[in-house]
Amino acid sequence: MGSDGILKNKRRRIRELKNVTKRQRLDPKLFKILPAEIQKDTSLLKYWRSRYRLFKKYDQGIKLDSESWYSATPEVISRMIAERCTCDLIIDGFCGAGSNSIQFALTSKKVIAIDIDPIKIELARNNAKVYGVSDRIEFIIGDYYALAPTLKADVVFLAPPWGGPKYSQKTTFNIDDIMPSNGGGKHLYELTRQITKNIAFFLPKNIEHNQCISLAGPGNLAEIESNYLNNRLNSKTLYYGDLITTNN
């Protein structure tokens with residue numbers, strides 16, 4: 001085993017030890033009611049404590065997996081985005097557990113929710129039923145990159161993976177740090193631009209602004225909206241095309 005492999009194993013053991021220590025400190029009654037994925041990885045506990053910010057109807061049957069706990073959009077933010085994106089047909093290209101798709105279904109006539117992970121689609125279906133909007137969402141298990149050339153919509157919403165919680169440790173998040181193996185954020189935007197000019201791009205709070213503005217192309221506008229949660233900057237949404245509400 002090389003030095004990289006030894007280092008990775010050492011880090012994994014440290015994480016496992018931290019989880020064991022945290023489990024030992026938890027009140028047994030609290031531990032018992034935690035979802036299985038959080039019992040297994042107690043580093044997710046902070047997200048569970050904010051569960052009602054993610055889904056106000058959490059107690060009515062919402063289901064999440066480990067990744068969804070830190071990648072779901074808080075409901076107050078997803079609702080605000082959905083109101084701006086109101087249209088006849090909207091595509092959620094990376095729907096995950098459905099936090100955004102659900103809100104789109106409450107403001108738009110039809111939603112196409114896509115995710116490459118069958119488990120995420122199963123979760124999103126369940127969560128849409130909790131909110132009573134499953135009849136307005138078409139769920140597709142598939143690769144957005146492969147499907148994009150065949151899609152048509154009034155608006156496309158993009159919330160691709162940011163690479164996990166560690167994204168916030170960077171001083172500046174580069175647009176091409178988004179799914180680099182698929183060509184980065186610029187390629188994702190250009191691919192989506194073939195579907196519609198009306199794009200909402202959900203990005204980290206530390207995203208580099210000039211890169212996002214340049215995506216619009218010469219002579220075109222981009223609008224950057226800062227999303228705050230409990231008076232703290234949470235994320236940013238970039239709006240393009242007719243979704244822009246300001247000339248500044």
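In the predicted model, S101 has a relative accessibility of 1% and therefore counts as buried, the cut-off for this class being under 20%. The residue belongs to helix α8, which spans residues 99–107. When residues up to four places away in sequence are not counted, S101 touches D92, C95, V111, A113 and I137. A further spatial relation links S101 to S134, which lies 33 residues apart from it along the chain, with a separation of 9.7 Å between the two C-alpha atoms.

The burial of S101 is shared by much of its helix: seven of the nine residues of α8 are buried, so the helix is largely enclosed by the rest of the structure. These buried residues are S99, N100, S101, I102, Q103, F104 and A105. Their packing partners include the helices α7 (75–84) and α9 (118–130), together with the strands β1 (89–92), β2 (110–115), β3 (137–141) and β4 (155–158).

Elsewhere in the chain, N198 is located in the loop that runs between α11 (184–193) and β5 (199–204). With a relative accessibility of 12%, N198 also falls under the 20% cut-off and so counts as buried. A polar atom of the N198 side chain lies 3.1 Å from the backbone oxygen of D154. Apart from neighbours within four places in sequence, the residues in contact with N198 are D154, V155 and V156, along with Y240, G241, D242 and L243. D154 thus appears both in the contact list of N198 and, through its backbone oxygen, opposite a polar atom of the N198 side chain.

Methods. Residues are numbered from 1 along each chain as its sequence is written. This is a predicted model: local features need pLDDT of at least 70, side-chain atom pairs count only at pLDDT 80 or more; totals for chains, interfaces and linings use all residues. Side-chain values use heavy atoms; hydrogens and water are left out. Helices (H or I, at least four residues) and strands (E, at least two) are DSSP runs, numbered from the N terminus. Buried means under 20% relative accessible area, exposed over 50%, partly exposed in between (1.4 Å probe, protein chains only). A polar contact is a pair of N or O atoms within 3.5 Å; within protein, one must be able to donate a hydrogen and the other to accept it, and residues adjacent in sequence count only if both atoms are side-chain atoms. Contact means heavy atoms within 4.5 Å.
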